[in-house]
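Open the structure in a viewer that can select residues by number. The stops below say what to select next and what is there.

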Amino acid sequence: MWPVYLVTLLGLYFPLRWYWERQTVQNLQDKYVLITGCDSGFGNLLARCLDQRGLRVLAACLTPRGAEQLQEATSQRLQTVILDVTKTESVAAMAQWVKRQVGNRGLWGLVNNAGVSFPMAPNEWLTKEDYVKVIDVNLLGMIDVTLNLLPLVRQAKGRITNVSSSLGRIAIFGGGYSPSKYGVEAFSDSLRRDLRAYGVKVSIVEPGAFKTGIVTRPVVEKGLQDAWGCMPNDVKETYGEQYFNAYRKNFINLVNAGSSNLHLVVDSLQHSVIAVYPRTRYSPGWDCKFVCLPLSYFPTIIVDYLLAWSSPVPGH
């Protein structure tokens with residue numbers, strides 16, 4: 001009889017989940033949402049989508065030009081602020097600005113989207129400063145923004161969404177990107193448990209490979225060439241020019257295979273903000289669902305073998 005029970009449970013689960021996840025919060029027009037990294041990519045598209053739904057979007061951009069272009073494409077409800085997440089004084093000034101905007105309503109949503117990817121290369125090609133450049137934005141900057149805005153989110157009993165990556169589950173490339181995203185996962189998990197009693201929900205979005213401004217062929221080419229050019233001659237000789245060319249080719253092939261449908265990620269971000277019952281984790285992208293996530297649960301010896309099988313060999 002157990003197969004019958006199993007089929008019955010599955011038959012009930014999917015319709016209930018569909019109904020559960022379609023429930024949206026009320027009075028969206030009264031809710032403020034701050035999004036970081038709105039100059040381009042996921043943050044820019046999310047700001048436009050939430051603005052169209054009537055939310056009061058506070059879009060943090062790194063450059064005045066990015067802020068100006070976003071304002072031209074959205075309604076008068078959307079407001080922008082210049083923010084460099086690596087500078088504490090910039091984060092503190094932004095937090096004070098947000099406090100003035102939201103008043104006693106609090107901040108319903110915080111979407112930590114700002115991020116960079118490069119320098120990214122074999123670890124020996126990089127320096128400590130290369131790691132700091134990435135971790136400072138993707139992890140420490142995100143933590144700084146969150147801590148400064150936490151009282152306002154708690155006041156609204158709102159939600160926090162942190163953009164991680166499938167590379168926060170399994171590290172394929174060297175550099176600060178994966179360590180920073182592993183850190184995002186850990187910070188988000190501890191934050192969710194801290195804030196559960198206050199009615200604040202914390203979600204993590206772990207995209208696969210997508211074609212955004214932070215990972216393009218020119219960015220990859222320049223990043224790898226810079227890392228290769230700065231290495232001592234003895235290290236270059238150890239790896240060899242053929243390894244460099246093969247590594248670069250593999251990297252570019254992965255970038256070219258990335259999805260251009262940014263809405264897969266933005267729909268997850270949007271759901272985490274407006275759904276009554278947001279998910280704890282979202283994994284947009286087929287490569288994330290069927291490659292990175294399964295691999296992250298495989299025995300290490302199998303993962304190492306599979307990744308090594310597709311990688312060039314130094315000195316060859």
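Start with L306, which counts as partly exposed because its relative accessibility is 35%. Buried means under 20% relative accessible area, exposed means over 50%, and partly exposed lies in between, with a 1.4 Å probe and protein chains only. L306 sits in helix α12, residues 300-309. Helices (H or I, at least four residues) and strands (E, at least two) are DSSP runs, numbered from the N terminus.

This is a predicted model, in which local features need pLDDT of at least 70 and side-chain atom pairs count only at pLDDT 80 or more, while totals for chains, interfaces and linings use all residues. Residues are numbered from 1 along each chain as its sequence is written, and side-chain values use heavy atoms, with hydrogens and water left out.

Now add F298, I301, I302 and Y305 to the selection: together with L306 they make a nonpolar surface patch of about 520 Å². Patches are made of residues with over 30% relative accessible area and no salt bridge; like charges are joined within 9 Å, and nonpolar side chains (Val, Leu, Ile, Met, Phe, Trp, Tyr) within 5 Å. The accessible areas come from the Shrake-Rupley method with a 1.4 Å probe, and for residues only the protein chains shown count as cover.

Next, select helix α3, residues 64-72, where G66, A67 and L70 are buried. The buried residues of α3 line one face of the helix, because they fall within an arc of 100° when seen down its axis. That arc is taken from the directions from the helix axis to the C-beta atoms. P64 and E72, on the other side of α3, are exposed. To see what the buried residues pack against, show α2 (41-52), β2 (56-61) and β3 (79-82). Contact means heavy atoms within 4.5 Å.

Go on to S90 in helix α4, residues 88-102. S90 counts as buried because its relative accessibility is 16%. Beyond its neighbours within four places in sequence, S90 is in contact with I82, L83 and D84. A polar atom of the S90 side chain lies 3.0 Å from the backbone nitrogen of D84. A polar contact is a pair of N or O atoms within 3.5 Å; within protein, one must be able to donate a hydrogen and the other to accept it, and residues adjacent in sequence count only if both atoms are side-chain atoms.

How many salt bridges does the structure hold? There are ten. A salt bridge is a side-chain nitrogen of Lys or Arg within 4 Å of a carboxyl oxygen of Asp or Glu.

For one of them, select D130 and K133, whose closest N and O atoms are 3.9 Å apart. The two are separated by about one helical turn, because they are three residues apart in helix α5 (residues 128-156). D130 is buried, at a relative accessible area of 14%.

Then select E185 and R281, a salt bridge with its closest N and O atoms 3.0 Å apart. This pair links distant parts of the chain, with E185 in helix α6 (residues 177-195) and R281 in strand β7 (residues 281-282), 96 residues apart. E185 is buried at 6% relative accessibility, whereas R281 is partly exposed at 27%.

Keep R281 and add E206: these two form a salt bridge with closest N and O atoms 3.3 Å apart. R281 lies in strand β7 and E206 in the loop between β6 (201-205) and α7 (217-229), so the pair ties together parts that are 75 residues apart in sequence. E206 is buried, with a relative accessible area of 0%. To show the whole network, select R169, E185, D189, R192, E206 and R281, which are joined by salt bridges that share partners.

Move to T24, in the loop between α1 (2-21) and β1 (32-35). T24 is partly exposed, at 33%. Its contacts beyond four places in sequence are I274, A275 and V276. The C-alpha atoms of T24 and V273 are separated by 9.1 Å, although the residues are 249 apart along the chain.

The last stops concern the backbone. Most residues other than glycine have a negative phi, and most peptide bonds are trans. In the same loop as T24, between α1 and β1, N27 is not a glycine but has a positive phi of about 55°. K157, in the loop between α5 and β5 (159-163), is another non-glycine with a positive phi, about 50°. N27 is partly exposed at 47% relative accessibility, and K157 is exposed at 56%. Finish at F118 and P119, which are joined by a cis peptide bond with omega about 10°. P119 lies in the loop between β4 (109-112) and α5.
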